[in-house]
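Look at the model and its sequence side by side. The paragraphs below go from strands to overall form, then to the ligand, and last to single residues.

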Amino acid sequence: MTQRTLIIGGATGIGFAVAQLLAKRGDHIILAGRHQDKLQYACQQLQAAGAKAENVVLDIADETQSEYLGRVLEPVDNIVVTAGSQAPGGAFTTLDLKAAQQAFDTKFWGSLAVARHLSGKIKPGGTLTLTSGFLSRRTVPGTLVKTTMNAALESAVKMLAKELSPLRVNAISPGLTDTEAYSAMTSEARQQMLARTAENLPARRYGRAEDLAKGYLFVIDNPFVTGSVVDIEGGALVN
Ligand SMILES: NC(=O)c1ccc[n+]([C@@H]2O[C@H](COP(=O)([O-])OP(=O)(O)OC[C@H]3O[C@@H](n4cnc5c(N)ncnc54)[C@H](OP(=O)(O)O)[C@@H]3O)[C@@H](O)[C@H]2O)c1
């Protein structure tokens, strides 16, 4: 049966790859993000491939927007959140704490606002899937914000799986994946980073958005999976 899936952050990167996979099997896709132009472009690509797709402008860092969407959205089967790939890095002593808070406001508090205000729109048997990141369990100097934000999100997923049960709540934890998240880098620096990553990982590969998308479908489809954090990181966490 056709499922309706809301993908917040779905205009680009991993979220868009999830949209493409779900659309291919006939799902009705609703893409959400902050920029109408990007959303429309992504929607048109899905529609050109024969999918039913629409979009809604939403900034999850602003709780009132999630609250409003929670009032007007038609019921959905699944919600996927991939929003919020940016976070300040660098030495803790010089870290921009305001920017760090803004990153938390989007990815951590934004995901929780979605869980609070939109989970009631998920039909029985449906899922909420959040996105963390492999740095949650790595101690790499200069990445305090990503590490703490993703670790907090992974803990939250387990709490939500219990408190919002029987709704199934999971997280996908990506390793380094080539997406628009790195579009501010020069092409040369980006290629070097990707090549170095592939060289050092047990999988001998950097992540592609499609690799990650398969993980979201796994947690959506498997009725025995909840409170799980699924690592798809090429072995980055193998010690
Ligand atoms: N790529 C990696 O190497 C990697 C590694 C570990 C974890 N992750 C995680 O994977 C997730 C997806 O990242 P990605 O690589 O696919 O990045 P991406 O291509 O930059 O996707 C992020 C999407 O989120 C949207 N977004 C940003 N802020 C938002 C907000 N406040 N409200 C609603 N939408 C917002 C963006 O669109 P607008 O700007 O138009 O709103 C964009 O479409 C992120 O949580 C990221 O931290 C990625």
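Two strands are said to pair if DSSP finds at least two bridges between them. In this predicted model, strand β1 (residues 4–8) meets that condition with β2: the two run in the parallel sense and share five bridges. Within this pair, Thr5 stands opposite Ile29 of β2. Strand β2 spans residues 28–33 and is mostly covered, with five of its six residues buried. Here a residue counts as buried if 20 or more other C-beta atoms lie within 10 Å of its own, and as exposed if 12 or fewer do.

These two strands belong to a protein that has seven helices and nine strands in total. What radius of gyration would a compact globule with 239 residues have? The value would be near 18 Å, and the protein has 17 Å, which agrees. Along the principal axes, the C-alpha trace spans about 45 × 35 × 35 Å. Of the 239 residues, 45% are buried. The chain also brings distant parts of its sequence together: among contacts with a separation of 6 or more, 71% are between residues 24 or more positions apart.

Next comes the ligand. How many residues surround it? The shell holds 30 residues, and the closest are Gly9, Gly13, Arg34, Gly133 and Thr179. Two helices, α1 (13–24) and α4 (97–118), each supply at least two residues of this shell. By type, the shell divides into ten nonpolar, 15 polar and five charged residues.

Helix α6 covers residues 187–200, which makes 14 residues. From its first C-alpha to its last it reaches 20 Å, close to the 20 Å expected at 1.5 Å a residue. Is α6 largely buried or in the open? Only one of the 14 residues of α6 is buried, so the helix lies largely in the open. Gln192 is found in this helix. With 12 other C-beta atoms within 10 Å, Gln192 is exposed, because the limit for an exposed residue is 12 or fewer. Gln192 and His28 are 164 residues apart along the chain, and their C-alpha atoms are separated by 38 Å.

After α6, the loop that leads to β8 (207–208) contains Arg204. This residue has a positive phi of about 55°, although it is not a glycine. Arg204 counts as exposed, with 11 C-beta neighbours inside 10 Å.

Helix α5 (residues 144–163) contains Thr147. Thr147 has 19 other C-beta atoms within 10 Å and is therefore partly exposed, since a buried residue needs 20 or more. Leaving aside residues up to four places away in sequence, Thr147 touches Leu135, Ser136 and Arg138. Glu210 lies 63 residues from Thr147 in sequence, and the two are 24 Å apart in space, C-alpha to C-alpha.

The loop between α5 and β6 (168–174) holds Pro166. What kind of peptide bond joins Ser165 and Pro166? The bond is cis, with omega about 10°.

Conventions
Residues are numbered from 1 along each chain as its sequence is written. This is a predicted model: local features need pLDDT of at least 70, side-chain atom pairs count only at pLDDT 80 or more; totals for chains, interfaces and linings use all residues. A residue is near a molecule or strand if its C-beta atom, placed from the backbone, lies within 6 Å of it. Helices (H or I, at least four residues) and strands (E, at least two) are DSSP runs, numbered from the N terminus. Ala, Val, Leu, Ile, Met, Phe, Trp, Tyr, Cys and Pro count as nonpolar, Asp, Glu, Lys and Arg as charged, and the others, Gly among them, as polar. The expected span of a helix is 1.5 Å times one less than its number of residues. The radius of gyration is taken over C-alpha atoms; the globule rule is 2.2 Å times the number of residues to the power 0.38. Two residues are in contact if their C-beta atoms, placed from the backbone, lie within 7 Å.
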